[in-house]
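Colleague: I'm new to this one, so could you walk me through it, please?
Modeller: Happily! Let's put it on the screen and take your questions one at a time.

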Amino acid sequence: MSRRSAEEHAANWDLRHEDFNDNDFLYDVYSVMRRSAPFAHTDTPFLSATPGGAWVAVRYEDCYRILQDWQHFSSNPTPEASEQLAGDLVITLDPPRQQKFRKVLNPYFSPARMKALRPQIRDETDRLIDGFIEAGSGDLADVAWRQPGIVFFKYVLGMPIEDVPLCVELTDTALNGDTEEARMAAWGGLYQHLHDGITERSAQPPRDDMIDVLLSAEIDGDKLPFGDVVANAMLLVQAGLETTASAMSFAFHYLATKPEERDRLIAEPDILGRAVEELIRFGGSIHGIPRTVAKEVELNGQTFCPGESVIVNYASANRDGSVFTDADQCILDRRENRHLGFGAGVHRCLGSNLARLELQVGLEQVLARLPDFRLDPDRAPHFHGSSVTRGFRSVPVLFSPAERSAA
Ligand code: HEM
């Protein structure tokens, strides 16, 4: 079947359309959307159920202004979408309550605290690489998908070590399972598992991990209801794992197909921090989180009415040529890079310091231990393009075999 033109897609954007398994084509569509009008439209919004569909903000400036203006563009879901909510989640609240949540959660994710996790993240990454390093071939998506999950369940959330493989497995099925039924069953299983784990922990002495932060959190003098503790732990899984895994798998694929870029990162390790930001801008950002219009407001000539849904497309904003020079090129040492990959305003990503560290360590260890990795010509990579973040479920590579580490 011939595919629709970029113009047809731009007139009614549907991220889940099969044509967008071609990622470059999706960005061509964004380019048409940005050129045609400040706000595009979609009849099939994801993460927001609104009968009339939703507006889509695609230009950097508009996205940025919406993210700063929570009084008009609320994070409270539409009534239709809120039926699916499990509890009071930081990402679906507005200030002042949202800020009180952040005050409780922010210290845990501080740069210093995350930096202290570096040795553990490196060891976990090395163990994953050890699984295939002697063979001279492997799948880097295994590193990208497992490392953030292991780090999160083991060190951040503090689940019992023997439960970590099951949690990682359930999350993997929840995100990548073949059928909707399998995915829903896995989310249900994970919820139950976290519920039971947190119930057990309620009766134990504190251990200074995220479960304790949530269990001891007090907002306006009240402890969080138990359901909200579990729901926010689930939110961290949903917000933190697919995003980081997608970005990391995208980065591995990019470098596996561009040996000169891979060699440059090895030769110039000082640019790794900038490269991580650029890889998030270029390929690792989210393609839409909704806002609900709380009060009538005009933006860039468009009037938004209460109850309407507006999707902020960070990925499109991050390719806006009026803000980024050569926006459609990945420039590993890009200096001016005020990308919106982690959002902006009050809901700016809570886990950005952790995500950056996981990406940096993942790249460092792969570049150090498999310096000549390249795509395996006999096994096709598998791109997954129907979610709010897009990446590779499989990045088969070849490289010179090497010894396992002592990790
Ligand atoms: C490359 C990886 C990541 C990307 C691209 C990313 C992106 C984002 C973006 C764009 C937002 C803003 C959402 C909005 O405007 O409504 C956000 C919020 C959030 N992120 Fe991340 N994220 C990443 C990793 C993580 C990690 C590792 C965690 C935690 C383990 C995390 C937890 C959260 C939470 C809890 C929020 C909601 C904050 C709030 O509502 O105040 N994220 N993220």
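Colleague: Let's start with α3. At about what angle does helix α3 run to β10?
Modeller: Please keep in mind that this is a predicted model. Helix α3 covers residues 60-68 and lies across β1, β2, β3, β7 and β10. Its direction relative to β10 (309-312) is given by an angle of about 120 degrees.

Colleague: In what order do the five strands of the open sheet come?
Modeller: The sheet is open and its pairing is mixed. β1 (39-42) and β3 (73-74) each have a single partner strand, so they stand at the edges, with one side left without a neighbour in the sheet. Reading across from one edge strand, the order is β1-β2-β10-β7-β3.

Colleague: Which residue of β2 is the bridge partner of His 41?
Modeller: In general, strands of a sheet pair through backbone hydrogen bonds, either parallel or antiparallel. Here β1 and β2 (residues 54-57) pair in the antiparallel sense, over four bridges. Within β2, the bridge partner of His 41 is Trp 55.

Colleague: Now the charged side chains. How many residues apart in sequence are the parts that Arg 113 and Asp 208 tie together?
Modeller: The structure holds 24 salt bridges, and one of them joins the side chains of Arg 113 and Asp 208 at 3.3 Å, N to O. Arg 113 lies in helix α6 (residues 111-115), while Asp 208 is in the loop between α10 (180-202) and α11 (210-216), so the pair ties together parts whose separation in sequence is 95 residues.

Colleague: Is Asp 208 buried or exposed?
Modeller: Its partner Arg 113 has 29% relative accessibility and counts as partly exposed. For Asp 208 the value is 53%. The cut-off for the top class is over 50%, so Asp 208 counts as exposed.

Colleague: And are Glu 278 and Arg 281 buried or exposed?
Modeller: The side chains of these two meet in a salt bridge of 2.8 Å, N to O. Glu 278 and Arg 281 are three residues apart in helix α14 (residues 272-283), which means about one helical turn separates them. The relative accessible area of Glu 278 is 0%, and Arg 281 is also at 0%. Under 20% is the cut-off, so Glu 278 and Arg 281 are both buried.

Colleague: Which residue meets Arg 319 in a salt bridge, and how exposed is that residue?
Modeller: Arg 319 is buried, with a relative accessible area of 6%. Its salt bridge spans 2.8 Å, N to O, and the partner is Asp 328. At 49% relative accessibility, Asp 328 counts as partly exposed.

Colleague: Which residues do salt bridges with shared partners join into one network?
Modeller: Here the salt bridges share partners, and the result is one network. Its members are Glu 124, Arg 127 and Lys 154.

Colleague: On to the ligand. Which element gives the most to the shell around it?
Modeller: The ligand is surrounded by 25 residues, and the closest are Arg 102, Arg 291, Tyr 314, His 347 and Cys 349. At least two shell residues come from each of α5 (97-105), α12 (226-257) and β7. With five residues, the element that gives the most is α12.

Colleague: How far is an oxygen atom of the ligand from an N or O atom in the side chain of His 347?
Modeller: Let's go through some polar pairs. Val 90 places a backbone N or O atom 3.5 Å from a ligand oxygen, and Gln 98 has a polar side-chain atom 2.8 Å from a ligand oxygen. For the side chain of His 347, the distance is 2.6 Å.

Key:
Residues numbered from 1 in each chain as written. Predicted model: local features only at pLDDT ≥ 70, side-chain atom pairs only at ≥ 80, totals over all residues. Heavy atoms only, no water. Pairing = 2+ DSSP bridges. Contact = heavy atoms within 4.5 Å. Axes fitted to C-alpha atoms, helices over the stretch in contact; angles between N-to-C directions. Salt bridge = Lys/Arg side-chain N within 4 Å of Asp/Glu carboxyl O. Buried < 20%, exposed > 50% of the residue type's maximum accessible area, 1.4 Å probe, protein only. Near = heavy atom within 4 Å. Polar contact = N/O pair within 3.5 Å; in protein donor to acceptor, adjacent residues only side chain to side chain.
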